[in-house]
Amino acid sequence: MLEMFDYPFMQRAFIAGLMIAVLASLGGSFIVLRRYSLLSETLAHVSLVGVSVGLLFGLSPLWMAVVASLVASWLIEYLRSVHGMYSDSVLAIFLSGSLALAIVIVSMAGSFNASLFSYLFGSILSVSVEDLWVMGIFGTLAMGLLLAFFKELYFIAFDEDVARAGGIRVTMLNFMLVSVIAIIIALSIRVVGTLLIGALMVIPPVAAIRFGMGFYPTALLSVVIALISVVIGLSASYLFSLPSGAAIVLCLLVIFIIALVINRR
C-alpha cells in the first residue's frame, strides 16, 4: 500500500489533503458553533462559478474560485451584519443564485465537462505543484488568522452582543472569519470538490461535539477526525479508483455514525 507514495501525484494529493483537513475542520468548528453551517455549502457553489469562469476564459480555476468566494463572503456578511437580513435567507439566495449562474456558464461552453467533473467531486490527479504553493501560502495565512484571534472568535460564536459590549471588534472579525472560510473552501476544491467540501468542514466538528468536551478539545478532535478521514479516503481513492472527495466524505460519515453510537445519550 505504501508504494502509492512512489507516485508524485499521490504525494501532492496527501500534502494538499492534510492541509485542507486541518484548515477546514478548524474553521468549521466556528461556523458550526454559530449555527452557520450552510455558509460552507453556499461558498462552495460560489467557488464553482469561479471555476467555470476560469475554465471558460482560460484563467486559473483555483485563483478564480478564491476571488469569487472572497467577494461572495464579503457580500453575505455585509447583508447580514449591516442590513440585518437573516443569515439563512442570505445564504439561500447566494446558494441558488450562484448555482444558476454556474449552470449558465457551463452551458455556454460545454467542451470542458470532463475538466469540470474533477472540480465537482475532487480528483487526486489534478493537484499540481502550483496548487500546492497556492494552498501553502493562503493556507498559512488562514491558519495564522484563526489562531491569532482564536479566543475572540470563540467568544463571538457564543454571543455576539456580549462580545461587542466587551470591546471586541465583532464586525471586523466576522468579515475576517468569512474570508478565511471562503479561502479554505476555494483551496479545497482540487481534493474534495465543490459539491463535497461542506461535509469536510461540518461533519468533523459535529462528530466531535457528540463527545461532550470543551471547545478546545472538541476543535482538536475535529482536526483529528478530518485527518483520519482524508488519509483513509485518499488511500481508498487510489486503491479502488474512486473520486477522492466522495471517498473522504464517506469516511467522515462512518466516523460520525460511530460517534453517534458511542454517545447515544
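Hi everyone, let's start with one residue: Leu18 is partly exposed, with 32% relative accessible area. Before I go on, please keep in mind that this is a predicted model. Leu18 sits in helix 1. Setting aside residues up to four places away in sequence, Leu18 touches Leu227, Val230 and Val231. Here is a distance to try on your screens: from Leu18 to Ile185 there are 167 residues along the sequence, and their C-alpha atoms are 14 Å apart in space.

Now let's zoom out to the whole chain. How many helices and strands does the protein chain have? There are 12 helices and 0 strands. If you walk along the sequence, you read α-α-α-α-α-α-α-α-α-α-α-α.

What about the overall dimensions? Taken along the principal axes, the C-alpha atoms fill a box of roughly 55 × 45 × 30 Å. For 265 residues, a compact globule would have a radius of gyration near 18 Å, and this chain has 18 Å, so the two agree. Of those 265 residues, 52% are buried. Contacts tell us about the fold as well. Among contacts with a separation of 6 or more, 77% join residues that are 24 or more positions apart.

Next, the inside. In soluble globular proteins, nonpolar side chains tend to be buried together. In this model, the largest nonpolar core has 86 residues. Leu39, Leu43, Ile76, Ile181, Leu187 and Leu200 have the most contacts inside that core. Which helix gives the most to this core? That is helix 9, residues 170-188, with 13 residues.

Let's take Leu187 from that list and look at its surroundings. Leaving aside neighbours within four places in sequence, Leu187 is in contact with Ile20, Leu62, Val66, Val134, Met135, Phe138 and Gly139. You can click through those one by one and see which parts of the chain they come from.

Phe94 is another residue to look up, and you will find it in helix 4, residues 87-108. Is Phe94 buried or exposed? Its relative accessibility is 17%, and the cut-off for buried is under 20%, so Phe94 counts as buried. Beyond residues up to four places away in sequence, Phe94 touches Thr42, Ala72, Leu75, Ile76 and Leu79. One of these, Ile76, was on our list of core residues with the most contacts. Phe94 and Ile124 are 30 residues apart in sequence, and their C-alpha atoms are 29 Å apart.

Now for a pair of glycines. Gly54 is in helix 2, residues 38-57. With 0% relative accessibility, Gly54 counts as buried. Gly54 touches Leu59, Pro61 and Met64, again not counting residues up to four places away in sequence. Ala65 is 11 residues from Gly54 in sequence, with 8.1 Å between their C-alpha atoms.

Gly212, on the other hand, lies in the loop between helix 10 (197-209) and helix 11 (215-240). Gly212 is exposed, at 64% relative accessible area. How far apart are the C-alpha atoms of Gly212 and Ser52? They are separated by 41 Å, with the two positions 160 residues apart along the chain.

Let's turn to backbone angles. Most residues other than glycine have a negative phi. Arg35 is not a glycine, yet its phi is positive, about 55 degrees. You can find Arg35 in the loop between helix 1 (8-33) and helix 2. With 75% relative accessibility, Arg35 counts as exposed.

Ser241 also has a positive phi, near 55 degrees, and is a residue other than glycine. Look for Ser241 in the loop between helix 11 and helix 12 (244-262). Ser241 counts as exposed too, at 67% relative accessibility.

Arg35 brings us to my last stop, because it helps line the largest pocket. The volume of this pocket is about 150 Å³. Which residues line the largest pocket? They are Leu33, Arg34, Arg35, Tyr36, Arg80, Ser87, Ile156, Ala157 and Glu160. Sorted by class, that lining has 4 nonpolar, 1 polar and 4 charged residues.

That's my tour, so to finish, find Leu18 in helix 1 once more, then follow the chain through its 12 helices. Thanks for listening!

Definitions and conventions:
Residues numbered from 1 in each chain as written. Predicted model: local features only at pLDDT ≥ 70, side-chain atom pairs only at ≥ 80, totals over all residues. Heavy atoms only, no water. Core = buried A, V, L, I, M, F, W, Y, C linked by side-chain atoms within 4.5 Å. Buried < 20%, exposed > 50% of the residue type's maximum accessible area, 1.4 Å probe, protein only. Helix = DSSP H or I, 4+ residues; strand = E, 2+ residues; numbered from the N terminus. Contact = heavy atoms within 4.5 Å. 1 Å grid on protein atoms, 1.4 Å probe; cavity = no way out; pocket = protein on both sides within 12 Å on 5 of 7 lines; lining within 4 Å. Points joined across faces, edges and corners; volume = space filled by probe spheres on them. Nonpolar A, V, L, I, M, F, W, Y, C, P; charged D, E, K, R; others polar. Rg over C-alpha atoms; globule rule 2.2 N^0.38 Å.
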